[in-house]
Amino acid sequence: MKQTILLAAICIALLICAVGYSDSAYHTALGRKAPDFYATNQNSSVSAASLKGNYTVLNFWSSTDAPSREAANVYTAWKRQHPENDLRLVSVNFDKNADLFREIVRMDSLVPSQQYHVAGDTAKAIIDNYGLREGFGSLLIDPSGKIIAHNPSPESLSAIR
């Protein structure tokens, strides 16, 4: 009897984990509308609704996650090399320390107007809505607000006119 109850409890726990994971992955599946979010920096605010009308790379990063920090630099370099391209770059940072975030933006020569720092409940909501518990990444969003690529390469961005 104890083994049956234990087996049932394990199955239920696995089912809950699978549903939670698949649900967050579903929110950012290709063709889906980008989940809502809100972030501010010193000069402006940004939300999923404000991204409509332009192709946008929505990049999520942290100073402690080397691949995501490198991606922030790659996308910034691409945008500097293609100023004529209307594609928007929005980078959302999840560092716990806002001063560290500002220092990295300065050290890495990131464009401050493209950088947004979130913390606390705002960060938790974005992490949950975008399924970022397993690491950060980037999304390419079309002018209608739909996700058309995950972690787009600079070459794929160059193909957008």
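In this predicted model, T76 is buried, with just 2% relative accessible area. The residue sits in helix α2, which spans residues 66–81. Setting aside residues up to four places away in sequence, T76 touches L89, S109, L110, V111, Q114 and Q115. The helix that carries T76 lies across β3, β4, β5 and β6, and runs at about 150 degrees to β3.

One of the residues touched by T76 is Q115, so that is a handy place to go next: Q115 is buried too, at a relative accessible area of 1%. Q115 belongs to strand β5, residues 115–117. What does the side chain of Q115 meet in the way of a polar contact? The partner is the side chain of W61, at 3.1 Å. Beyond its neighbours within four places in sequence, Q115 is in contact with N41, W61, T76, S91, F101, V105 and L110.

Strand β5 also marks one border of the sheet. The sheet is open and has 5 strands, ordered β5-β4-β3-β6-β7, with mixed pairing. Its edge strands are β5 and β7, each of which pairs on one side only. On average, and with direction ignored, neighbouring strands are turned by 20 degrees against each other. As a rule, strands of a sheet pair through backbone hydrogen bonds, either parallel or antiparallel. Here, β3 and β6 run antiparallel and are joined by 4 bridges, with N59 standing opposite S138 in β6. Strand β6 (residues 138–141) is in turn joined to β7 (residues 147–150) by 3 bridges, again in an antiparallel arrangement. In that pair, L139 stands opposite H150 in β7. The hairpin of β6 and β7 has 5 residues between its strands, and G145 takes a positive phi there, near 95 degrees.

Helix α4 (residues 120–129) brings A123, I126 and I127 into the picture, each of them buried. Why do they fall on the same side of α4? They cover an arc of only 100 degrees around the axis, and that puts them on one side of the helix. The cover over the buried residues of α4 includes β1 (38–40), β3 (56–61) and β4 (88–93). Just after α4 comes G131, with a positive phi of about 60 degrees.

In soluble globular proteins, nonpolar side chains tend to be buried together. The largest nonpolar core in this model has 21 residues, and the ones with the most contacts inside it are F37, L58, F60, V92, F94, I126 and Y130. Two or more residues come from each of β3, β4, α4 and β6. Helix α4 is the top contributor, with 3 residues. F60 gives a good view of these surroundings: leaving aside neighbours within four places in sequence, F60 is in contact with S68, V92, F94, I126, Y130, L132, F136 and G137. Among these contacts of F60, V92, F94, I126 and Y130 are also on the list of residues with the most contacts inside the core. There is a second, separate core of 10 residues, which includes A71, Y75, L87 and L89. L89 leads back to the starting point, as it is also one of the residues that T76 touches.

Key
Residues numbered from 1 in each chain as written. Predicted model: local features only at pLDDT ≥ 70, side-chain atom pairs only at ≥ 80, totals over all residues. Heavy atoms only, no water. Pairing = 2+ DSSP bridges. Buried < 20%, exposed > 50% of the residue type's maximum accessible area, 1.4 Å probe, protein only. Arc of directions from axis to C-beta. Contact = heavy atoms within 4.5 Å. Core = buried A, V, L, I, M, F, W, Y, C linked by side-chain atoms within 4.5 Å. Polar contact = N/O pair within 3.5 Å; in protein donor to acceptor, adjacent residues only side chain to side chain. Axes fitted to C-alpha atoms, helices over the stretch in contact; angles between N-to-C directions.
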